[in-house]
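Please open the model in your viewer and keep the sequence panel beside it, so that each selection can be followed in both. The tour goes from strands to a ligand and then to the surface.

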Amino acid sequence: MAFENLLIENKGRIQYIIINRESKLNALNKATIAELHTAFADAFKNPEVGGVIITGAGQKAFVAGADIAEFASLDIKGGTELALLGHTTVFDFIENGKKPVIAAINGFALGGGLELAMACHIRIASDNAKMGLPEVSLGLIPGYGGTQRLTRLVGKGKALEMIMTADMITAPEALNLGLVNHVVSPEELLPKAEDLLNKILTRAPLAIAAAIKSVNDGTRDGVNGFGTEVKEFGKCFGTEDFKEGVAAFLGKRKAEFKGK
Ligand code: COA
């Protein structure tokens, strides 16, 4: 399917989703949010896609935030609806997807851009990337999950400092805080993301999905993540992949998982 604001590329079992509004530093307008939902829904459904790498077009930005030009006309109802739609159709949708998603942060990841990266399962940044949640300088707060996901990743004190100052931090600072998993040179960014994802894709897909669900449930209010882990662990024993994994180990050969 062709998109106006996204490029889709496939490399083996990896699907690239590239936000392609370079002249606006890949800012997320409503149309891009809608396309992201469609692109992720397609990737999660497509049996030929094992996982996704999301990045931004060009050298300068991953995503420089939600599209500020579209905010101008919104009222209380419109702002609430915008946030809710984003949460359900893109940010929570990615986080709760059954396939691994890696954000390759190739430049500015601000506001909705950092929130998008934080909804992914793993973040890798190029060493020239800058990250922040600058919404309070617009009279807003983060509305695509930033207050919650940043706090979970870096702790309450640092999250409040970043959100209240609106300051950007560098990639090495983000690494130090645990906001990103790895920092590499711009040339190494996509190869590093591919290496990591290709390694994950050699593992049992249903077990990967069960791990994502169990980890996510641990951060969910009113949900017992330990209970989810017990249930998901048990379910793994009913899979063909479990039998294959054990047989391969005992037979001293490489496992060939089918995601069944
Ligand atoms: N929404 C809409 N347009 C945006 C945007 C956003 N979040 N971020 C950048 N753009 C647009 C600019 O308006 C400009 O468009 P124009 O050429 O038509 O005027 C273009 O992208 C290039 O940005 P520019 O500001 O000229 O680049 P810069 O190198 O001087 O500054 C930033 C880069 C990232 C520091 C700056 O663009 C910025 O602060 N962006 C907003 C970040 C933000 O507050 N995000 C949170 C939104 S909730």
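How many bridges join strand S5 to S7, and do the two run parallel or antiparallel? Before answering, keep in mind that this is a predicted model. Select residues 101–105, which make up strand S5, together with S7, and you will find that four bridges join the two strands, which run parallel. For one place where they meet, pick Ala104, which stands opposite Ile124 in S7.

Now stay with strand S7 by selecting residues 122–126, a strand that is mostly covered, with five of its five residues buried. If you display the side chains, Ile122, Ile124 and Ser126 point one way from S7, while Arg123 and Ala125 point the other way, and the residues of both groups are buried.

Next, add strand S10, residues 182–184, which is joined to S7 by three bridges and runs parallel with it. Here the residue to look for is Val183 in S10, the bridge partner of Ala125.

The next stop is the ligand. Select it together with the 18 residues around it, of which Lys24, Lys60, Ala64, Ala66 and Ile68 come nearest. Helix H2 (68–71) and strand S6 (108–110) are worth colouring separately, since each of them supplies at least two residues of the shell around the ligand.

With the ligand still selected, three distances can be traced one after another. From Lys60, a polar side-chain atom lies 2.6 Å from an oxygen atom of the ligand. At Ile68, the backbone is what to look at, where an N or O atom lies 2.9 Å from a nitrogen atom of the ligand. At Ser23, a polar backbone atom is 3.4 Å from an oxygen atom of the ligand. Taken alone, the ligand exposes 860 Å², and the protein buries 60% of that area.

Finally, turn to the surface and select Phe233, Phe237, Phe242, Val246, Phe249 and Leu250, which together make a nonpolar surface patch of about 660 Å². Then highlight helix H11, residues 240–250, which gives the most to this patch, with four residues.

One residue to pause on is Val246, which is found in helix H11. Is Val246 buried, partly exposed or exposed? Val246 is partly exposed, because its relative accessible area is 37%, and the partly exposed class lies between under 20% for buried and over 50% for exposed.

Conventions. Residues numbered from 1 in each chain as written. Predicted model: local features only at pLDDT ≥ 70, side-chain atom pairs only at ≥ 80, totals over all residues. Heavy atoms only, no water. Patch = residues over 30% accessible without salt bridge, like charges linked within 9 Å, V, L, I, M, F, W, Y side chains within 5 Å. Areas by Shrake-Rupley, 256 points an atom, 1.4 Å probe, with all protein chains shown as cover. Salt bridge = Lys/Arg side-chain N within 4 Å of Asp/Glu carboxyl O. Buried < 20%, exposed > 50% of the residue type's maximum accessible area, 1.4 Å probe, protein only. Pairing = 2+ DSSP bridges. Near = heavy atom within 4 Å. Polar contact = N/O pair within 3.5 Å; in protein donor to acceptor, adjacent residues only side chain to side chain.
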